[in-house]
Amino acid sequence: NLAEALLSKNKRSEGAAKAMGQIRDTAPVPRLIKALKHPRYQTRANAAWALGEIHDTRASEYILPLLKKDVSIDVRIEAAGALGKLKYEPAYKELVRGLANLNPKMREASARALGDLGLPQSLRVLEMAVEDSDKNVQAAAAEAYDKIAAEVEESGNADSVNDDAPQDPAAAPMPKLQINN
């Protein structure tokens, strides 16, 4: 059974975590949270991914430490994605830090997660990330920017984009970001 496989110390644990995410049932969430400390990095990564797919916010505080300090970049990438899907706002600063990571896949995952998180203050850092040297990061940052800008425009909450400066109510809608090639 999946619960037993998840606790195994072999490769079966990786597949069990992935399968639990595909099923999207909340029953295994406590086991998946425990799997975030599994000795196999791919099991930790799959458990983080699965918790993001299940959308159970109980897992958020357990995933954040993986984003901050797991030794595996694969785990940190999956943690970023899960925290974005879970809309876990305390992850914002770590996701912004991820945009400066040397690994382009981490920068891409951080940009996508910021888009999922949907915080208007992300627009400034995403605008800078569109200038990244990696085309995948550029595309993820532009997509995330456009997603948040559309949500801000739809909600009429443009004031939250830049709390330091007064907003002109007659200002034009936020433009879509273009990737400079």
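Trainee: In this structure, does Asp70 count as buried or exposed, and what is its relative accessible area?
Mentor: Keep in mind from the start that this is a predicted model. Asp70 sits in the loop between α5 (60–69) and α6 (73–85), and a residue counts as buried when its relative accessible area is under 20%. Asp70 falls under that cut-off and is therefore buried, with a relative accessible area of 9%.

Trainee: Which side chain is joined to that of Asp70 by a polar contact, and at what distance?
Mentor: Leaving aside neighbours within four places in sequence, Asp70 is in contact with Arg44, Pro65, Val75 and Arg76. From this list, Arg44 is the residue whose side chain shares a polar contact with the side chain of Asp70, at a distance of 2.9 Å.

Trainee: Is Arg44 itself buried or exposed, and what is its relative accessible area?
Mentor: Arg44 belongs to helix α4, and when residues up to four places away in sequence are not counted, it touches Ala35, Leu36, Lys37, His38, Pro39, Asp70, Val71, Ser72 and Val75. With the limit for buried residues set at under 20%, Arg44 is therefore buried, its relative accessible area being 8%.

Trainee: Which residue has a backbone oxygen 3.3 Å from a polar atom of the Arg44 side chain?
Mentor: The side chain of Arg44 has a polar contact with the side chain of Asp70, but the question asks about a backbone atom. Among the residues that Arg44 touches is Pro39, and the backbone oxygen that lies 3.3 Å from a polar atom of the Arg44 side chain is that of Pro39.

Trainee: Turning to helix packing, how are α2 and α4 oriented relative to each other?
Mentor: Helix α2 (residues 12–23) and helix α4 (residues 41–54) pack with their axes 8 Å apart, at an angle of about 5°. Angles under 35 degrees count as roughly parallel. The two helices, α2 and α4, are therefore roughly parallel.

Trainee: How do the residues of the contact of α2 with α4 divide into nonpolar, polar and charged?
Mentor: On the α2 side, the contact is made by Ser13, Glu14, Ala17, Lys18, Met20, Gly21 and Gln22, and these meet Gln42, Thr43, Asn46, Ala47, Trp49, Ala50, Glu53 and Ile54 in α4. Sorted by kind, the residues of this contact are 6 nonpolar, 6 polar and 3 charged.

Trainee: How far apart are Ala50 and Met20, C-alpha to C-alpha?
Mentor: Ala50, in helix α4, is buried, with a relative accessible area of 0%. Beyond residues up to four places away in sequence, Ala50 touches Ala17, Met20, Gly21 and Leu32. Although Ala50 and Met20 are 30 residues apart in sequence, the separation of their C-alpha atoms in space is 6.3 Å.

Trainee: In helix α10, what separates the C-alpha atoms of Ile148 and Gly118?
Mentor: Ile148 is found in helix α10 (residues 135–155) and is buried, with a relative accessible area of 0%. Apart from neighbours within four places in sequence, its contacts are Leu114, Gly115, Gly118, Leu119, Pro120, Ser122, Leu123 and Leu126. One of these, Gly118, is 30 residues away from Ile148 along the chain, while the distance between their C-alpha atoms is 5.3 Å.

Trainee: Which residue other than glycine, in the loop between α4 and α5, has a phi near 60°?
Mentor: A positive phi, near 55°, occurs at Lys87, but Lys87 lies in the loop between α6 and α7 (92–98) and is partly exposed, with a relative accessible area of 48%. In the loop that you asked about, between α4 and α5, the residue is partly exposed at 48% relative accessibility. The residue with phi near 60° is His55.

Trainee: Finally, for the whole protein chain, what share of the residues is buried?
Mentor: The protein chain has 10 helices and 0 strands, and about 9,700 Å² of it is exposed, with carbon and sulfur atoms supplying 51% of that area. Among contacts with a separation of 6 or more, residues 24 or more positions apart account for 65%. Of the 181 residues in the protein chain, the buried share is 49%.

Notes:
Residues are numbered from 1 along each chain as its sequence is written. This is a predicted model: local features need pLDDT of at least 70, side-chain atom pairs count only at pLDDT 80 or more; totals for chains, interfaces and linings use all residues. Side-chain values use heavy atoms; hydrogens and water are left out. Axes are lines fitted to C-alpha atoms, for helices over the stretch in contact, and angles run from 0 to 180 degrees between N-to-C directions. Helices (H or I, at least four residues) and strands (E, at least two) are DSSP runs, numbered from the N terminus. Angles under 35 degrees count as roughly parallel, over 145 as roughly antiparallel, 65 to 115 as roughly perpendicular and the rest as oblique. Contact means heavy atoms within 4.5 Å. Ala, Val, Leu, Ile, Met, Phe, Trp, Tyr, Cys and Pro count as nonpolar, Asp, Glu, Lys and Arg as charged, and the others, Gly among them, as polar. Buried means under 20% relative accessible area, exposed over 50%, partly exposed in between (1.4 Å probe, protein chains only). A polar contact is a pair of N or O atoms within 3.5 Å; within protein, one must be able to donate a hydrogen and the other to accept it, and residues adjacent in sequence count only if both atoms are side-chain atoms. Accessible areas come from the Shrake-Rupley method with a 1.4 Å probe; for residues, only the protein chains shown count as cover.
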